[in-house]
Amino acid sequence: MLVAGGGLVGLTTALVLRHHGVEVTLVEKRATTSPQPKARRFHRRTMEVFRELGIAGLVHEAARDLAEHHHMAAGRTLAEAEQLPLWLPSAPDGTYLEPGPELPCLVAQDVLEPVLRSAAAEAGADVRFSTELTGFTSGPDGVVAELHDRASGRHEQLHVPFLVAADGAHSPVRTALGIGRSGRGAIGGPAVNVYFRADLAEVVHGREFNLCQIEHPDAPGALASIDGRSRWVFMAGGGTERDWAALLRTALGVPAPDLEVLSVLAWQPEMLVADRFSAGRVHLAGDAAHVMPPFAATGANTGIADAHNLGWKLAAVLTGAAAPDLLDSYDAERRPAGWFAADQSSRRSADLRSAATADEALAHPFVLAAGGFQYPSGALVGGPDEGGEIEPVDVFAPAGRVGTRVPHEWLDEAHTRSTLDLAGPGWALVVNDDPAGWEHGAASAPLPLPVHRLAAGFLPEGCALLLRPDQVVGWRGTDPTAPADVLRRLLTGAAKCLRTSAAAVRT
Ligand SMILES: Cc1cc2nc3c(=O)[nH]c(=O)nc-3n(C[C@H](O)[C@H](O)[C@H](O)COP(=O)(O)OP(=O)(O)OC[C@H]3O[C@@H](n4cnc5c(N)ncnc54)[C@H](O)[C@@H]3O)c2cc1C
């Protein structure tokens, strides 16, 4: 397997593939991980993926600088800013929601990428930085990739069964495949990220924040904490040609004598989704497949979910456990998910004070952040496109519907094991019944299918959920003889796997 691109998504893809025992080479044309601290908020669902990969602890450790920085803030200048109340999501009955076993994590991309790079290498991935994918041909038997080692100047051909293109928004692989993109395009005007250093620890002490909205008429923008002490990013609209040091001092409202501008990055918020996520043996993931404005902190999180979805399917096909048709479900599942995340992100406001005044089409935030999106079709039996029950998006009310992530429930009093931990890298069957009949039925399944009996209340009596390796409910039912056959159908691609058209995805 070859992964092109060593950003957050490429590195996670390599980790997921190693988790499933797949040999993987990752090439990244840059010599180092990203020097830009762009993404900082990693949602609960992403942390669940890292939990499964055994690196959630490492990521939380890397995130310790911003552990107390979950508040938003706003004010005319930083010096005058006040923390805004922390939003705690509640269930429809008003009670506090604990949607999963992991908390979200605030860690800058330039801190997280080295953690993922080391973890991927430690897990046995062949991680090659300073190496560019310069071309490829994809045929029925595999992909021939042309690699250029920029450090030594050496050229090499690599024959691999599949290529995952995690090569970013401008994806050369997507362009070479002639895959177009659809969507709203530019959202708002051009933006600038000014990355700077200044010791502001004393200024923010007691008012720690994730993002601080600066409302000064001469310096409007948002200030992002990178380490909460001396590294900051000021996000503004407009062009790059300004006296940034002077503008930053106006925004800060303090002299900041040691202020040093490290970089000025121009970018454009956009909403665009690839018209196909797969072409033969090549699959797109991350920004190569979808770009979205950062207002819901969703771009990298959605890409990491792509990697989690694709990884087990590639592994199943490579080991011969599944037919290649299973891979059709990647586009059927992840393209609607990418469209949904991009659409929701472009509806969200950059204004922190008005974040609560919602567009009616806005989903409950946990639907984005805690894996609440329901796949309409794909490697599922009885999903929404086959008449199955539909998951609402205006509330977060997971109920084990087909095509959704299994609801979280702690399995022990110490809260160490969750229902999420029952699947991945393998499949699992969870039942609310005498497990004996289900175990008998599962014995004839084509892959190991451990049966877990859950406490009453998690499921209606007599009901079972078939959990895929990505903890998504692939089937739900009451017939103990069914899961073995359902699993066989899912693996052979015989289950209904609709190719959702771009138009259908948009509705
Ligand atoms: C201001 C801002 C804030 C953001 N905040 C958040 C946030 O809080 N949460 C969130 O989830 N997302 C956020 N995002 C989005 C997030 O940064 C991106 O979605 C994410 O970085 C995409 O990761 P990726 O791995 O898909 O692509 P990239 O990070 O672009 O990585 C692609 C890599 O591929 C390499 N490459 C390209 N071509 C080749 C080739 N031919 N051979 C080898 N290597 C190649 C590139 O060098 C690059 O390193 C934010 C974005 C911005 C701009």
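How much space lies in the largest cavity? In this predicted model, the figure is about 360 Å³. The structure holds three cavities of 30 Å³ or more. Rolling a probe the size of a water molecule over the atoms shows where empty space is left.

The largest cavity is lined by 25 residues. Arg45, Ala305, Arg334, Gly371 and Tyr375 lie nearest its centre. By class, the lining comprises 11 nonpolar, 10 polar and four charged residues. Helix 2 (44-53), helix 8, helix 9 (328-347) and helix 10 (365-369) each contribute at least two residues to this lining. Helix 8 gives the most, with six residues. Domain 1 (2-63 + 107-183 + 274-347) and domain 3 (374-506) both supply lining residues, so the largest cavity lies between these two domains.

The ligand site was examined next. Around the ligand there are 30 residues. Glu28, Leu133, Asp287, Ala300 and Asn301 come nearest. The shell divides into 11 nonpolar, 10 polar and nine charged residues.

Polar contacts to the ligand come from side-chain and backbone atoms, as the following cases show. At glutamate 28, a polar side-chain atom lies 2.7 Å from an oxygen atom of the ligand. At arginine 40, the atom involved is a backbone N or O, placed 3.1 Å from a ligand oxygen atom. Alanine 297 also uses a backbone N or O atom, but its partner is a nitrogen atom of the ligand, 3.4 Å away. On its own, the ligand has 1000 Å² of accessible area, and the protein covers 90% of that area. Helix 1 (8-19), strand 8 (131-139) and helix 8 (299-318) are the elements that give two or more residues to the shell. Helix 8 thus appears in the ligand shell and in the lining of the largest cavity.

Two features of the backbone were also noted. Most residues other than glycine have a negative phi, and most peptide bonds are trans. The peptide bond from glycine 424 to proline 425 is cis, with omega near 5°. Proline 425 sits in the loop between helix 10 and strand 22 (428-431). Helix 10 is also one of the elements that line the largest cavity. Alanine 256 has a positive phi, near 40°, although this residue is not glycine. Its place is in the loop between helix 7 (244-252) and strand 17 (260-267).

Conventions
Residues numbered from 1 in each chain as written. Predicted model: local features only at pLDDT ≥ 70, side-chain atom pairs only at ≥ 80, totals over all residues. Heavy atoms only, no water. Near = heavy atom within 4 Å. Polar contact = N/O pair within 3.5 Å; in protein donor to acceptor, adjacent residues only side chain to side chain. Areas by Shrake-Rupley, 256 points an atom, 1.4 Å probe, with all protein chains shown as cover. Helix = DSSP H or I, 4+ residues; strand = E, 2+ residues; numbered from the N terminus. Nonpolar A, V, L, I, M, F, W, Y, C, P; charged D, E, K, R; others polar. 1 Å grid on protein atoms, 1.4 Å probe; cavity = no way out; pocket = protein on both sides within 12 Å on 5 of 7 lines; lining within 4 Å. Points joined across faces, edges and corners; volume = space filled by probe spheres on them. Domains from an automatic or database assignment.
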